[in-house]
Structures are given as structure tokens and as C-alpha cells.
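Here's a quick tour of one protein model for anyone just getting started with structures. Keep the 3D view open and click along as you read.

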Amino acid sequence: MRNQRARISLDEKAFMSLYARYINLNANESINWSQVQPPDERYIKNYEDLCRPVEKNILSALSQLVILKFNGNTGTSMNFDGTKSLIKVKNDKSFLEISLQQIEQLNTMYNCEMPFVLMNSFKTDQDTEEFLKTIPKTRTQLFTFQQNRFPRLSEETGLIIPDSYQISGSRDPKWYVPGDGDVFRCLNESAILCWLEEQEKSEGTRIDFLMEVVDRKPEDKKEGTLVLYNGSLKLLDLSQISEEHAKDVVYSEQFKIINTNSMWINIKALQNLLNTRLLEMDLIVGKKIMKDGTKTIQLEEYAASAIRCFEKAMGK
């Protein structure tokens, strides 16, 4: 079963919303370091302290679950010219094949219907769809959709690069993927979110947004952290603070956890925030130099930064 968007997608309203925020950047979107605090035990729970579910409750829990994976990255950093999830990693199976196998095993073992959703990008959609045509049919319901592509801005002028709307190929460098925070608007537009809500997914959860975190290792020098900001949980990206404060985060024992980008979200709570237009993520202004030397800007949102919008949120 599939629900897929057009191959080339540009939500002009969403892009203009990000662009307007960029043009009007002010103190309201900057971080007041004096308000940043490490989260205490009220907001962070150790995995070892969680109650183990009894066997009879596992089926009920799985029946309320849907697995969504961000599938928008290519394997360039791993010297692979293609979709990262299609890299063979174990027993001649790719990341994506292993994920499919795990979900199918759970559905078979517990006789449940746990859907699997993939958010592709314009860089990975074609490769992924071609791969999915080759796999045997399974009991697992599989949905795919393509997230937006937005045009890059000139760092010099702050305007869209003049020929950005002339798409020259499926990986045109003048276009970019606006971060995994795009998932919420795309889910809403594709009607997958409404379908999942009708299936009574996420019923009866006590937490509306849970972010999985791990302890920072010495090599984790670029990852953000989960903090308390003005009394609420917030994902703090290092690009949002000064270099001096970024060092405080990376090398301090106070901010020793990092975001894994694995989240558990209550669908009804998410739908309510979308319906009331109260879901707003931090705007991240990224910079990239093109091969021809052009300095560009890309406006992004991270899904994990939505944690600040949920009243019942925590890290684990």
C-alpha cells in the first residue's frame, strides 16, 4: 500500500514562511545563554529505570506504533554515490533491508499491523522506489512520500539564486532538502497522518514527545544537546550559539547528552499542534560553498526541535 507525493515538490507557502523568518531574524530567535540549563531527572529517564512490559501488553503497544524513517540522505560521506540506506552493511543486506526485515519479524511474531513509512528526498526517491520494486511482498504496510525541495539563497544578496527554478537533474545542487523537520508538514499534506490517526495509533500514551539521547563521546563535537530553556525542554543546536558557548556545551559535564534523532511522538498530540498551527521548530541557517565558489544559504528545520512545542515531553 503506497501514498506518494509528486517526484518534484515545492511547498511555496512553507518555503516563504521560512524565508520570512530568515529575513526578519531578530533577538526573539537568538539564544539567551543565561536561560540555558541542563535538564534534571524530571525530564531525563535512564533506559535501565524503565519498567519492562509484560508479554500480554506488548501486542497492545505494537498495535499503536508506526515506524517512520528519514530516508533523504545520500552516502557521499561514506564514498557511496547513491541512497545511504541502500548501502550493504551486513550479510549482503542494506540498512533498509534490515529495517524492513526487523519490522516484518515483529508483525509476524505478534500478529500485528505495524506500518513502515519512508520519507524520501528528491535525491533518494528514485533509487528507493526502484529498490522497493525488487523486494518480495510482505504483510507489512509500506508507505513512501517525498519531502520538499527548496532553492538555495545567495549569501551575498539573501535572494534565491537566479536560475534555481531551472531544475537540471534529480540532484541539482542549487536545490536542497530543508531538514528532517519538513516531515510534519509533508505527513499532513500526504494524508498519511490522518490515516494513522484513524487507525487509533498512539492511543493512551503518557508522553507526547520522547527524544532518545545518549552520552556524548569525545568525537561528538558537532552534535547538539537537550537543555532546559525558559523552563521547557529544547534541542540546542551548536549553530545557534557562539563558538565560546559551543565549547561549553561540547566539553562540559553539564551538557553530556546528545540527540540521537530517534523520537517517539503521539500522533494525536502532533495533529492537534498542526491543526492549531502551534508547531514551530527552530530555524537553522546553514551555509554551503558550491563547486563554482558561490556562497549559499539553506534554511532548515530539525524534527527534534519540535520537542519544545509539546507539553508532555522528556528525554530517555
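How many of the residues of H5 are buried? The answer is 6 of its 8, so this helix counts as mostly covered. Keep in mind that you're looking at a predicted model. Below, we start with that helix and then move on to pockets, charges and the surface.

**Helix H5**

- Helix H5 covers residues 183-190, and its buried members are Val183, Phe184, Arg185, Cys186, Leu187 and Ser190.
- Here's a handy bit of background: an α-helix has 3.6 residues a turn, so residues three or four places apart point the same way.
- Right after H5 comes Ala191, which has a positive phi, near 75 degrees.

**The second largest pocket**

- This pocket has a volume of about 580 Å³.
- Its lining is made of 19 residues, and the ones nearest the centre are Ser17, Arg185, Leu274, Arg277 and Leu279.
- Three helices each give at least two residues to that lining: H1 (12-23), H5 (183-190) and H8 (267-275).
- Which helix gives the largest share of the lining? That's H1, with 5 residues.
- Sorted by class, the lining of this pocket has 8 nonpolar, 3 polar and 8 charged residues.

**The cavity**

- The structure has 1 cavity of 30 Å³ or more, and the volume of the largest cavity is about 30 Å³.
- If you'd like to find the largest cavity, look for its lining residues: Leu235, Asp237, Gln240, Asp282, Ile284, Tyr302 and Ser305.
- That lining is a mix of 3 nonpolar, 2 polar and 2 charged residues.

**Salt bridges**

- The model has 10 salt bridges in total, and three of them are picked out here.
- One of them pairs the side chains of Arg139 and Glu113, at 3.2 Å from N to O. Arg139 sits in the loop between helix H4 (125-132) and strand E6 (142-146), while Glu113 sits in the loop between helix H3 (95-110) and strand E5 (116-120), so the bridge ties together parts that are 26 residues apart in sequence.
- Are those two buried or partly exposed? Arg139 is partly exposed because its relative accessibility is 31%, and Glu113 is partly exposed too, with a relative accessible area of 41%.
- Another bridge links the side chains of Arg185 and Asp182, with 2.6 Å between N and O. Here both partners, Arg185 and Asp182, are buried.
- A third example is Arg308 with Glu280, at 3.9 Å from N to O. Arg308 is in the loop between strand E15 (295-300) and strand E16 (313-315), and Glu280 is in the loop between H8 and strand E14 (284-289), so this pair ties together parts that are 28 residues apart in sequence.
- Arg308 counts as partly exposed at 33% relative accessibility, and Glu280 is partly exposed at 42%.
- Some salt bridges share partners, and in this way Arg21, Asp182, Arg185 and Glu301 are joined into one network.

**A patch on the surface**

- Met78, Val89 and Phe95 make a nonpolar surface patch of about 250 Å².
- Met78 belongs to the loop between strand E2 (67-71) and strand E3 (88-90).
- With a relative accessibility of 43%, Met78 is classed as partly exposed.

**Two asparagines with positive phi**

- Asn91 isn't a glycine, yet its phi is positive, at about 50 degrees. You'll find Asn91 in the loop between E3 and strand E4 (93-94).
- Is Asn91 buried or exposed? Its relative accessible area is 68%, so Asn91 is exposed.
- Asn111 is another residue other than glycine with a positive phi, near 50 degrees. Its place is the loop between H3 and E5, and at 58% relative accessibility Asn111 is exposed.

**A pair far apart along the chain**

- Asn261 is part of strand E13, which spans residues 257-265, and at 30% relative accessibility Asn261 is partly exposed.
- How far is the C-alpha atom of Asn261 from that of Glu212? They are separated by 7.1 Å, although the two residues are 49 residues apart along the chain.

Note on methods: Residues numbered from 1 in each chain as written. Predicted model: local features only at pLDDT ≥ 70, side-chain atom pairs only at ≥ 80, totals over all residues. Heavy atoms only, no water. Patch = residues over 30% accessible without salt bridge, like charges linked within 9 Å, V, L, I, M, F, W, Y side chains within 5 Å. Areas by Shrake-Rupley, 256 points an atom, 1.4 Å probe, with all protein chains shown as cover. Salt bridge = Lys/Arg side-chain N within 4 Å of Asp/Glu carboxyl O. Helix = DSSP H or I, 4+ residues; strand = E, 2+ residues; numbered from the N terminus. Buried < 20%, exposed > 50% of the residue type's maximum accessible area, 1.4 Å probe, protein only. 1 Å grid on protein atoms, 1.4 Å probe; cavity = no way out; pocket = protein on both sides within 12 Å on 5 of 7 lines; lining within 4 Å. Points joined across faces, edges and corners; volume = space filled by probe spheres on them. Nonpolar A, V, L, I, M, F, W, Y, C, P; charged D, E, K, R; others polar.
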